[in-house]
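Subject: Structure for you to look at

Hello,

Here is the structure I said I would pass on. Please open it first, then read the notes below it.

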Amino acid sequence: MTEPNDSSPDALRTRITELERQVTILEERWALNDEVDDLAEVAIRDRLPLDHTLRLVLPALCRATGATIAFMRTYDESLDLHDYVHAMNEEELPLSADAIVEGASSAHPWIHETPLGTIVGEALDVAGEPFGACAIIVPGRADAAEGARLAGLLHTFCEEIDNHLGSIAVARKKAMLTQDMSDALKDPVLDQGLSRAIDVLKENIPFEDMLLVFRHEDDMSGVSLRYKVLKNRVVVHDSGVKEAAGTEGGDVDAFMRSRAFRMMAGDDEEVRERFGIRRFREEVMITGVRSARVIGRVVVTSRLGEFNTFDRDLLDRFADSLRQRIVDFNREWKSLSNAFSKTVCERLLLEEGYTEKYLAPRERKCAVMFADIAGFTRLSEQILVSPEAIGRLVDTWSEQVVAILWETGGVFDKMVGDCVIGLWGPPFFDEPPEELVRRAAQAARQIREFTRSLTSHEALPELVGENVDVATGLNFCPLFVGTFGPDADYTGFSAGMNNTARLQGQAKGGEILCMDSFVDLYRDTSAFGEEREAKVKNVERPLKFRPLA
């Protein structure tokens with residue numbers, strides 16, 4: 001028998017039949033595409049959630065393919081995986097949902113025969129990210145041609161619905177990255193968390209340079225100022241890295257500290273010029289409801305010149321997550337700075353678990369000081385008279401006394417009336433007792449000198465010509481010391497603490513009285529006068545002490 005050649009009538013009829021079949025398949029796909037597209041537009045117009053949208057489009061898929069069941073597993077608006085099933089006659093899936101998803105993810109297309117019908121499945125892929133799977137179940141067995149037709153229709157459906165799922169996919173990725181940044185910033189050590197959050201940005205948006213500046217919301221002096229400067233995605237300057245004056249890093253630190261507040265207020269041109277930043281994206285961190293305050297600013301440049309919508313939104317979420325972490329950090333800083341110096345606050349906040357490690361109550365030996373303005377009642381009632389003037393004296397004196405405590409390595413315990421209580425040793429307890437008593441003695445002398453200078457202080461003209469002095473008691477004794485009470489105040493308790501208060505009550509203006517335990521550790525007995533003792537209320541034995549010259 002002679003085979004027909006390409007130009008024979010039989011060959012032409014075969015070719016025409018094949019073309020007609022292909023046209024029919026294309027028409028089926030176009031029809032399904034148009035119907036799903038129209039239904040998706042209705043869903044968008046009516047702002048329908050995904051489950052309602054799939055109630056519209058899955059029946060269309062069944063009608064186009066002759067399927068009795070359409071199945072989809074994908075992410076919904078809550079960004080959780082969810083299974084959606086449309087069954088024409090309330091039939092059940094011939095396989096478990098997990099098995100269908102696994103099969104659809106294993107081959108493209110996936111065609112699997114079961115006693116209850118043929119399953120055709122396809123994995124969902126949105127913007128390069130796995131996003132679930134879709135499948136149909138048709139009655140009976142499907143030959144190769146029918147399987148290809150059904151797979152083509154399913155693919156058309158998946159491509160069309162991908163567009164609708166795209167917005168959810170973008171939202172899901174943003175949510176995941178936002179959570180990653182938020183989780184990073186939960187690190188107890190802010191600098192470490194911030195570095196990890198910046199790494200998330202590096203992996204997901206094409207930024208090149210970054211200027212980041214922030215501060216404590218109540219800090220107008222710049223004590224809590226922090227900054228990072230990244231060039232070509234590498235940190236080149238960091239406030240957490242101390243560099244000597246005269247070096248490039250030291251010069252940058254001085255420059256940033258002199259201009260950071262202007263930058264946070266919006267005048268950042270000089271800072272940008274210093275680091276060669278031209279085209280940029282800027283995010284402002286604001287806290288407060290009634291009185292909004294700028295606590296930070298982020299300036300970022302793109303390798304592509306501009307940032308797309310996704311990048312801008314992610315930068316905004318980064319700034320918002322960082323703002324919240326800064327607020328939390330500032331709350332910690334504010335609480336710690338009531339008792340500790342800036343240096344101690346920074347050291348505490350750089351250590352994970354610092355509260356339990358250093359601030360939980362424990363018994364330790366400490367140097368203790370009680371310092372009280374001598375003759376405060378007389379000064380208040382006869383010299384200053386007005387409440388405003390008395391307040392000025394207390395504020396002026398106590399502010400400098402606390403500064404002296406911190407300069408000498410001490411901790412501000414509390415202020416009772418016009419009496420300031422200081423401790424040396426906490427919170428790290430890493431210095432020898434001899435050093436602690438010497439620091440306390442140094443502080444007592446400096447406080448005495450400052451108190452005497454108040455008669456010429458510009459803020460207190462009422463004291464000119466008066467005799468102003470301080471009465472001080474020093475002790476070295478065991479304390480149960482740490483954070484106590486609902487406000488987690490850092491303080492200490494012990495009989496020795498009470499005796500220090502009684503000792504201070506024995507001191508006259510200008511005297512620094514020291515318990516024998518303090519004198520013994522100081523070692524240089526020539527610095528003290530003769531031993532004295534005093535019988536005090538509620539104490540069985542007299543207090544023994546010596547005055548410090």
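Accessible areas come from the Shrake-Rupley method with a 1.4 Å probe. By that method, the accessible surface of the chain is about 27,300 Å², and carbon and sulfur atoms account for 50% of it. Keep in mind that this is a predicted model.

Overall form: the chain has a radius of gyration of 38 Å, whereas a compact globule of 549 residues would have one near 24 Å. Along the principal axes, its C-alpha atoms fill a box of roughly 135 × 55 × 45 Å. There are 15 helices and 18 strands in the chain. Of the 549 residues, 48% are buried. If you take the contacts between residues at least 6 apart in sequence, 61% of them join residues at least 24 apart.

Cores: in soluble globular proteins, nonpolar side chains tend to be buried together. The largest nonpolar core here has 54 residues, and those with the most contacts inside it are Leu201, Phe207, Met210, Phe318, Phe340 and Leu348. Helix α8 (residues 309-336) gives the most to this core, eleven residues. Apart from neighbours within four places in sequence, methionine 210 is in contact with nine residues listed by name, among them Ile198, Leu201, Lys228 and Phe318. A second core, separate from that one, has 42 residues, including Leu379, Val470, Phe476 and Leu548.

One helix to look at: α4 covers residues 144-185 and bends by about 45 degrees at histidine 164. At the N-terminal end of α4, aspartate 143 acts as a cap, with a side-chain oxygen 3.3 Å from the backbone nitrogen of alanine 145.

Regards

Definitions and conventions:
Residues numbered from 1 in each chain as written. Predicted model: local features only at pLDDT ≥ 70, side-chain atom pairs only at ≥ 80, totals over all residues. Heavy atoms only, no water. Bend = angle between axes of the 7 residues up to and from the residue. Helix = DSSP H or I, 4+ residues; strand = E, 2+ residues; numbered from the N terminus. Polar contact = N/O pair within 3.5 Å; in protein donor to acceptor, adjacent residues only side chain to side chain. Rg over C-alpha atoms; globule rule 2.2 N^0.38 Å. Buried < 20%, exposed > 50% of the residue type's maximum accessible area, 1.4 Å probe, protein only. Contact = heavy atoms within 4.5 Å. Core = buried A, V, L, I, M, F, W, Y, C linked by side-chain atoms within 4.5 Å.
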